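Before reading this report, take a moment to look through the sequence and turn the structure around. The sections below take up the interior, the ligand and a handful of residues in loops.

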Amino acid sequence: MRARLVAGNWKMHGSLVANARLLDALKAGLKQAEGLGYAVCAPFPYLAQVSEALSGSPIAWGAQNVSEHDSGAYTGEVSGPMLREFGCRFAIVGHSERRGLFKESDKTVAAKFSAAQRAGLTPILCAGETLEQRERGETENVVGRQLDAVLDAAGVAALANAVLAYEPVWAIGTGRNATPQQAQDVHAFIRSRVGARDRRLAGNVTILYGGSVKPENARELFAKPDVDGGLIGGASLMAEDFIAICAAARR
Ligand code: 13P
């Protein structure tokens, strides 16, 4: 059976005090579950706090971004080896906010994906279309291109240690989630795109859905055969909601 995962993306939220409260509640509320992993992706400065709080718990942690370089004169950047020193298991790459607001190209995203893997991190590679692209019928073109850029650069075998996430841009932070069927359609497309290169890996790769996942819609989304869990923004900041979403991902 494919591994399932629910990962929180805190984005640029949090404080030492608020994080401590959230992490305590997550530790109390999330118990080891067969075939299901949990993670939180925190802002860089809080990774030490997160690592201290979550060590020995069933909750993994990660970063929301990573440099494509391993070290050097890159002011303001944070490398994969640095993230590993703080116990990160994951690094999100290619989030639509990085692509859109910070102009990260497919090529940069592919370089970050490989940099994360070089450091021993598991990249969570995000892909997704904007509303205009969906309305023009370009969803598969856009998602396929974003995926191919990484598979061409890293090779399909790299997916043995990666997680994919479908995050339609129009569903992020809008309260408007994709319907379970819309999510399933794109997840199945992603799996078949990977399957054209390697069928076995396509069957094994975990594909998360992200975009306005809430306790109220999580179960239905996660019930779809190609949806293996979620990448959760806003609702990951509220312990009760995140715990309920995790419970909805249990088989
Ligand atoms: P929301 O859950 O706030 O819509 O954010 C989704 C997301 O971008 C997770 O990476």
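## The nonpolar interior

Leaving aside its neighbours within four places in sequence, Leu164 is in contact with Leu125, Leu147, Leu159, Ile190, Val194, Val205, Thr206, Ile207 and Leu208, in a model that, it should be said at once, is predicted. Leu164 belongs to the largest nonpolar core, which has 68 residues, and is named there among those with the most contacts inside the core, together with Val6, Ile190, Tyr209 and Phe222. A second core, separate from this one, is made up of 13 residues, including Leu5, Ala60, Ile92 and Cys126.

As background, nonpolar side chains in soluble globular proteins tend to be buried together.

## The surroundings of the ligand

The residues that surround the ligand are Asn9, Lys11, His95, Glu167, Ala171, Ile172, Gly173, Gly211, Ser212, Leu231, Gly233 and Gly234. Sorted by the character of the residues, this shell divides into 3 nonpolar, 7 polar and 2 charged.

Three of the distances to the ligand can be described in detail. A polar side-chain atom of Lys11 lies 2.8 Å from an oxygen atom of the ligand, and a polar side-chain atom of His95 likewise lies 2.8 Å from an oxygen atom of the ligand. For Gly233 the backbone takes part, since a backbone N or O atom of this residue lies 2.9 Å from an oxygen atom of the ligand. Taken alone the ligand exposes 310 Å², and the protein buries 95% of that area.

## Two lysines with positive phi

Most residues other than glycine have a negative phi. With this in mind, it is worth looking at Lys11, whose phi is near 55°, a positive value in a residue other than glycine. Lys11, one of the residues that surround the ligand, lies in the loop between strand 1 (4-9) and helix 1 (16-29). Is Lys11 buried or exposed? Its relative accessible area is 18%, which is under the limit of 20%, and therefore Lys11 counts as buried.

Lys103 also has a phi near 55°, again a positive value in a residue other than glycine, and its place is in the loop between helix 4 (96-101) and helix 5 (106-118). Here the relative accessible area is 67%, so Lys103 is exposed.

## Glu104, in the loop between helix 4 and helix 5

Glu104 is placed in the loop between helix 4 and helix 5, and because its relative accessible area is 9%, Glu104 is buried. The side chains of Glu104 and Lys112 are joined by a polar contact of 2.8 Å. When residues up to four places away in sequence are not counted, Glu104 touches Asn65, Gly94, Arg98, Arg99, Val109 and Lys112.

## Asp228, a buried charged residue

Asp228 sits in the loop between helix 10 (215-222) and strand 8 (229-232). Why does Asp228 count as buried? The reason is its relative accessibility, which is 2%.

Which partners does the side chain of Asp228 have in polar contacts? One is the side chain of Arg191, joined to that of Asp228 by a polar contact of 2.8 Å, while the backbone nitrogen of Ile207 lies 2.8 Å from a polar atom of the Asp228 side chain. Residues up to four places away in sequence left out, Asp228 touches Arg2, Ala3, Arg4, Leu5, Arg191, Val205, Thr206, Ile207 and Leu208. Several of these names have appeared before: Val205, Thr206, Ile207 and Leu208 are also among the contacts of Leu164, and Leu5 is included in the second core.

## Ala235 and Leu237, between strand 8 and helix 11

Ala235 is found in the loop between strand 8 and helix 11, where its relative accessibility of 9% means that this residue counts as buried. Not counting residues up to four places away in sequence, Ala235 touches Val213, Asp241, Phe242 and Ile245. Ala235 and Gly173 are 62 residues apart in sequence and 9.8 Å apart in space, taken from C-alpha to C-alpha.

Leu237 has its place in the loop between strand 8 and helix 11 (239-248), and with a relative accessible area of 32% Leu237 is partly exposed. Residues up to four places away in sequence aside, Leu237 touches Trp10, His13 and Leu22. Leu237 and Ala188 are 49 residues apart in sequence, and their C-alpha atoms are 29 Å apart in space.

Notes: Residues numbered from 1 in each chain as written. Predicted model: local features only at pLDDT ≥ 70, side-chain atom pairs only at ≥ 80, totals over all residues. Heavy atoms only, no water. Near = heavy atom within 4 Å. Polar contact = N/O pair within 3.5 Å; in protein donor to acceptor, adjacent residues only side chain to side chain. Areas by Shrake-Rupley, 256 points an atom, 1.4 Å probe, with all protein chains shown as cover. Nonpolar A, V, L, I, M, F, W, Y, C, P; charged D, E, K, R; others polar. Core = buried A, V, L, I, M, F, W, Y, C linked by side-chain atoms within 4.5 Å. Buried < 20%, exposed > 50% of the residue type's maximum accessible area, 1.4 Å probe, protein only. Contact = heavy atoms within 4.5 Å. Helix = DSSP H or I, 4+ residues; strand = E, 2+ residues; numbered from the N terminus.
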